[in-house]
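Please look through the structure below before reading the numbered points. They are meant as a short guide.

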Amino acid sequence: MYETREALAAVLGIAAGLLFVVYPRLVLRVQTAGTRPDRQPGPAGETPDLSSGWYWLIRGVGAVMLVGGLYFAARPWLL
Amino acid sequence: MGHTGLKIRMAIVGFILFAFYAVTAVAVMAIWGTGTLPLLLVGSVFLIGAQYKIGKWAALRSVGAEDLPEDQYGDLHRRVESLSKDMGIEKPRLMIASMGVPNAFAVGRKGAGTVVVSRELLNTLEPDEVEGVLAHELAHIRNRDVVMMVLGQGIASIVAIVAQWAVLLTGDNDIADFFLAIVVGNVVQFIVMLFVLAISRYREYVADADAKEAIGSGDPLASALEKIQRGNASAREDNLDNQVSALAIFGDGGGLASLLSTHPPVEERIQRLRS
């Protein structure tokens with residue numbers, strides 16, 4: 001049986017993890033909006049191409065969240 | 001800022017952001033006591049100030065921006081000086097950088113603004129189109145869009161940090177609490193930013209309208225947007241061909257991207273500029 005926090009950790013972890021892994025460009029744009037105009041869309045709304053290292057870093061964080069979410073989803077059966 | 005639509009939208013979004021901040025303040029006082037309110041207020045000012053200063057410095061440094069030489073770009077300096085005068089602001093510092101794509105952005109505030117243009121932008125656009133783009137960036141400075149976005153991101157960060165600590169401190173130190181705190185922080189920041197980005201998209205329309213008014217026609221900026229969009233589309237196709245950008249595999253997120261975008265659709269902006 002899931003506890004509330006465990007269930008939230010599973011659902012939100014999987015959802016946020018998928019978002020980070022699939023749309024790293026979007027995540028970077030939202031997290032740097034306002035503070036880093038060089039990472040924001042230019043005059044025509046196009047995001048400048050940045051070093052792919054940033055995107056892989058975001059994907060890495062997303063993968064950790066995804067694995068964590070799956071772990072909490074499976075924990076009642078593991079314990 | 002004489003735009004009624006913008007004022008109404010700013011009032012609504014400002015109220016929502018204030019509500020987020022107020023709930024955060026109440027949560028802080030409930031967890032740590034009422035004496036922590038001054039600390040929250042000072043911490044908020046410090047965080048937002050640091051984001052503004054560091055963000056400006058980092059943005060200019062990351063693109064390697066240099067002052068736009070007056071002897072080489074005297075005409076551009078004169079155009080910006082004239083536009084600034086017409087728009088009632090001080091002439092901002094003009095800088096140039098190589099960004100790989102036609103791009104321009106404004107940092108700083110009214111009276112201490114900086115506009116950076118990319119070499120690619122100057123090479124791609126005609127002088128009147130460059131003027132349109134610069135007028136758009138000057139409008140961002142005049143309308144305090146840069147400051148508003150920093151403020152919005154700052155509030156999102158504060159709400160996210162407090163949400164993380166609230167999850168952490170109300171739990172029982174289980175690993176699920178630590179994990180949930182990290183995820184909740186990110187989710188909360190995204191939710192607050194939805195409102196900030198909604199107003200950001202509207203501010204783009206206002207900056208377009210101001211640029212149109214300042215230069216007497218929307219055509220130069222509309223034409224610049226078309227050219228930049230075409231150039232970027234072609235660059236993106238090249239990237240796809242070469243599989244250089246792993247991001248292109250997934251695209252930009254479709255409908256979600258529109259909701260989380262700082263800019264409205266280019267086609268709509270061009271239509272408004274030419275209407």
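How many bridges join E1(B) to strand E2 of chain B, and do these strands run parallel or antiparallel?

1. The model is predicted: local features need pLDDT of at least 70 and side-chain atom pairs pLDDT 80 or more, while totals for chains, interfaces and linings use all residues. Residues are numbered from 1 along each chain, chains are lettered from A, and side-chain values use heavy atoms, without hydrogens and water.

2. E1(B) and E2(B) (residues 93-97) are joined by 2 bridges and run antiparallel. Here B:Glu66 has B:Ile96 as its bridge partner. Strands are DSSP runs of at least two residues, and helices (H or I) of at least four; two strands pair if DSSP finds at least two bridges between them.

3. These strands belong to an open sheet of 4 strands in chain B, ordered E1-E2-E4-E3 with mixed pairing. E1 (66-67) and E3 (104-109) of chain B each have a single partner strand, so one side of each lacks a neighbour in the sheet.

4. The largest nonpolar core (buried Ala, Val, Leu, Ile, Met, Phe, Trp, Tyr and Cys residues joined through side-chain atoms within 4.5 Å; buried means under 20% relative accessible area with a 1.4 Å probe, protein chains only) has 53 residues. Elements of both chains contribute, including H1 (4-22) of chain A and H7 (175-215) of chain B. H7(B) gives the most, with 16 residues.

5. B:Phe190 is among the residues with the most contacts inside this core. Residues that B:Phe190 touches (heavy atoms within 4.5 Å) include A:Leu19, A:Phe20 and B:Leu260.

6. Chain A has 3 helices and 0 strands. Of its 79 residues, 51% count as buried.

Key: Buried < 20%, exposed > 50% of the residue type's maximum accessible area, 1.4 Å probe, protein only. Lists of a residue's contacts leave out its neighbours within four places in sequence.
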